[in-house]
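Subject: Structure handover

Hi,

Here is the structure for you to look over. My notes follow below it.

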Amino acid sequence: MRTLLTTNSIWIVENNKQYETLERLRSKLRYKKVVRAEQCELHTLPEYDMVFFLLLPTQIGHRFFIDAIEEILHYRKNSKTIFLAIDESYRLEEQERVEIMLELKASISHLVPNPTVFFVSSLFATIHSEYELGQISLEDVRQNRDVMISVKGEGLLMGRQLQENHIPMLLEISKMDKVYGLVEEFAEGVKRTGVDVSKENWLVLGPPGMGKSTVIRSLQSNANKPDYITFVNETPVTSDDKRYYDKLIIVLDLDSNKWMSYLEDLCSVYVGLDKMIFVNKCDEFMFYGKSRQQLQSEIDLKLRKLTSDPIFFVSAYYYEQYHLLQSGQITEQDIIENPEIVLTDSLDFPIIKEKNRSVLSELLQTQSGFHTLLHIWE
């Protein structure tokens, strides 16, 4: 992985000691800025790809912390770019950690249902880093009264009891190596996937020939779609890239023989990611020798064996034509003369479009299936 010099990230800390500690860890954390909570300008936070809060165990649920997260999510809907680190965790017993985690999650459950939380020691990480760089000596470490290391079989070591072989344990206790890795990995992932961290990113996947691009254009043109949603029509490089997306839309067609194994693989890879399945090209039901309802019921039954996610039967092409008609880019006569548009009645018999000129727009919208999608934006 290529080393990043600086990432578009910010750390918000509680006090001067943390501020000074993170300043000394700049080369490891690669942040753009570190700021004390009382000096933080909330309106600037949405500008960063990653926002880290370094919290003290006694400050969980602090009003500033809540206000800051609310400010970020007011402008962008992607909570995956918010990270929380509980500092001085080496002082905590296991039960205390559990209680702090529960309190933290309860305080922001209405904002971030599944927060990314680390229990760390920024001080221990700094001491380890400076020792490795030759900036401090073993004697400096021994004289630091905050440095106490619990060693199995040796008890709690401090001062002169500390030896050179104990220094690597500082990083292990600090847990900051996990944060170092996250920073670089997440920054690389954002760049690689092209996600917009200010928005909800909906990944759109499907086998070739399913009409993904038309589905995306139709969703983008839907007047009810919030501005904070964006669609990504690219196959992830790695399965781990799924973490950068908020939802997954799977586009299929009416021929289940072409996509069943593909869908099985996809569902096994994207476990835990909210999905929606769009069965596209439903206007072509007549080529399968079955009624629209019968064909959709059969496909629904097959899909339910693999997933309980929402299923929508649509014709993105019809909706696209509906949108063009509504915007005046085409006329009713264009719809009438278009042989690819075969509108049907309630019994699935083709209608004479000329005789239904006045309701062509309504028929296109209804038979596109997109009129049923209003609630997906909620």
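Is Lys 175 buried, partly exposed or exposed? Lys 175 is partly exposed, because its relative accessibility is 31%, and the band for that class lies between 20% and 50%. Please keep in mind that this is a predicted model.

**Backbone: positive phi**

Lys 175 sits in the loop between α7 (168-174) and α8 (176-193). Its phi is near 65°, a positive value in a residue other than glycine. Glu 88 also has a positive phi, of about 55°, and is not a glycine. Look for Glu 88 in the loop between β4 (82-86) and α4 (94-108). With a relative accessible area of 24%, Glu 88 counts as partly exposed.

**Helix α10**

Helix α10 covers residues 256-269, which is 14 residues. At 1.5 Å a residue it should span 20 Å. The C-alpha atoms at its ends are 19 Å apart, so the expected and modelled spans agree. The helix does have a kink of about 25°, centred on Tyr 262.

Which residues of α10 are buried? They are Ser 256, Trp 259, Leu 263, Leu 266 and Cys 267. Their packing partners are three strands, β8 (200-205), β10 (247-252) and β11 (274-279), together with helix α11 (292-304).

**Cysteines**

How many disulfides does a search of the whole structure find? Zero. A disulfide is a covalent bond between the sulfur atoms of two cysteines. Take Cys 267, from the buried set of α10. The closest cysteine sulfur to its own belongs to Cys 282, 18 Å away. That is too far for a bond, because the cut-off is 2.5 Å. Seen from the other side, Cys 282 is in no disulfide either, and the nearest cysteine sulfur is that of Cys 267. Both cysteines are buried: Cys 267 has 15% relative accessibility, and Cys 282 has a relative accessible area of 2%.

**Cavities**

There are two cavities of 30 Å³ or more. The largest has a volume of about 60 Å³. Its lining is made up of these residues:

- Ile 12, Val 13 and Glu 14
- Ala 37
- Phe 53, Leu 54 and Leu 55
- His 62, Phe 64 and Phe 65

Three elements each supply at least two lining residues: β1 (9-13), β3 (50-55) and α3 (63-75). Of these, β3 gives the most, with three residues.

**Two further sites**

Glu 130 lies in helix α5 (residues 122-132). Is Glu 130 buried or exposed? Glu 130 is buried, because its relative accessibility is 10% and the limit is 20%. Beyond its neighbours within four places in sequence, Glu 130 is in contact with Arg 24, Gln 135 and Ile 136. Ala 316 is 186 residues from Glu 130 in sequence, and their C-alpha atoms are 59 Å apart.

Thr 235 is in the loop between β9 (229-232) and β10. This residue is exposed, with a relative accessible area of 63%. Thr 235 and Leu 363 are 128 residues apart along the chain, and 34 Å separates their C-alpha atoms.

Best wishes

How values were computed: Residues are numbered from 1 along each chain as its sequence is written. This is a predicted model: local features need pLDDT of at least 70, side-chain atom pairs count only at pLDDT 80 or more; totals for chains, interfaces and linings use all residues. Side-chain values use heavy atoms; hydrogens and water are left out. Helices (H or I, at least four residues) and strands (E, at least two) are DSSP runs, numbered from the N terminus. The expected span of a helix is 1.5 Å times one less than its number of residues. The bend at a residue is the angle between axes fitted to the seven residues ending there and the seven starting there. Buried means under 20% relative accessible area, exposed over 50%, partly exposed in between (1.4 Å probe, protein chains only). Contact means heavy atoms within 4.5 Å. On a 1 Å grid over the protein atoms alone, a cavity is a set of points where a 1.4 Å probe fits but cannot get out, and a pocket is an open set with protein on both sides within 12 Å along at least five of seven lines; lining residues have an atom within 4 Å of a point. Grid points are joined across faces, edges and corners, and a volume is the space filled by probe spheres set on the points.
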